[in-house]
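This report covers a single protein chain, with attention to its charged side chains. The coordinates are shown first.

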Amino acid sequence: MITPVRKIIALATAALSTAVLLSGTSTTAQALPRPAQPDPFDKRVHCQSTDDDGRKIVTRFGNSEFGWNHFTHRHNIRKCSILHAALKDKVDRNDGHGRLEYDGVAIRTGGRPAQVKFTVIVQYTRKTKDGRYDAGRGQKIGVINAFCRNQPHNKCPAWMNQ
């Protein structure tokens, strides 16, 4: 037969064990890292062009993943005139789902002539392909990337920005 004192001790031990487990669970749940949020998307327009088919194409500031803030740092394109040079012509590649690619050529004349091929990629839909970013009702994402093709790391030479 179990004495009342042993019964109380057994119940108290069970209650204490439950309390420790529950408090440990809530502390652990609070300590878990939150899922990574996407880099904020700046929808403001930095430049705007119209292509040969009459599409109004914007270049938004974007973030570190795409847009002006992406390719100015990663690919050294710092002038809207570079984008305009490619975007004024017809689309070179169209995947049929809103991704348009325009090719351009930058030529340096003078003492050391040079030629650089570059590409401007446009997402001509309201949302990015992965659905993470939305330009808003009636708007298009616009230029998502621009880079030089025949350069190391697709980084454009400094003379293009002069």
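K90 is partly exposed in this predicted model, because its relative accessibility is 49% and the partly exposed class runs from 20% to 50%. Its side chain meets that of D53 in a salt bridge, with an N to O distance of 3.2 Å. K90 sits in the loop between α3 (80-87) and β3 (93-94), and D53 in the loop between β1 and β2, so the pair ties together parts that are 37 residues apart in sequence. D53 also counts as partly exposed, at 43% relative accessibility.

The K90 contact belongs to a wider arrangement: a network of salt bridges links D51, D52, D53, R55 and K90. Within this network, D51 pairs with R55 at 2.7 Å, N to O. D51 counts as buried, at 4% relative accessibility. Elsewhere, R99 and E101 form a salt bridge. R99 is partly exposed at 28%, whereas E101 is buried at 13%. The structure holds 13 salt bridges, and the table lists three among them.

| Salt bridge | N to O distance |
|---|---|
| D51 and R55 | 2.7 Å |
| K90 and D53 | 3.2 Å |
| R99 and E101 | 3.2 Å |

The backbone around the network is a hairpin made by β1 and β2, with five residues between the strands. Strand β1 covers residues 42-50 and strand β2 residues 56-62; they pair in the antiparallel sense over six bridges. One of the bridge partners is T59 in β2, which is matched with C47. In the turn, G54 has a positive phi of about 85 degrees.

Another site of interest is P157, located in the segment after β6 (142-148). P157 counts as buried because its relative accessibility is 15%, under the 20% limit. Apart from neighbours within four places in sequence, P157 is in contact with N76, V116, C148 and Q151. Of these, V116 is 41 residues from P157 along the chain, and the two C-alpha atoms are separated by 8.4 Å.

For the chain as a whole, the secondary structure comes to three helices and six strands. Read from the N terminus, the order of elements is α-β-β-α-α-β-β-β-β. The chain has 162 residues, of which 35% count as buried. Among contacts with a separation of 6 or more, 51% join residues 24 or more positions apart. The accessible surface comes to about 10500 Å², and carbon and sulfur atoms account for 55% of that surface.

Conventions:
Residues are numbered from 1 along each chain as its sequence is written. This is a predicted model: local features need pLDDT of at least 70, side-chain atom pairs count only at pLDDT 80 or more; totals for chains, interfaces and linings use all residues. Side-chain values use heavy atoms; hydrogens and water are left out. Two strands pair if DSSP finds at least two bridges between them. Helices (H or I, at least four residues) and strands (E, at least two) are DSSP runs, numbered from the N terminus. Buried means under 20% relative accessible area, exposed over 50%, partly exposed in between (1.4 Å probe, protein chains only). Contact means heavy atoms within 4.5 Å. Accessible areas come from the Shrake-Rupley method with a 1.4 Å probe; for residues, only the protein chains shown count as cover. A salt bridge is a side-chain nitrogen of Lys or Arg within 4 Å of a carboxyl oxygen of Asp or Glu.
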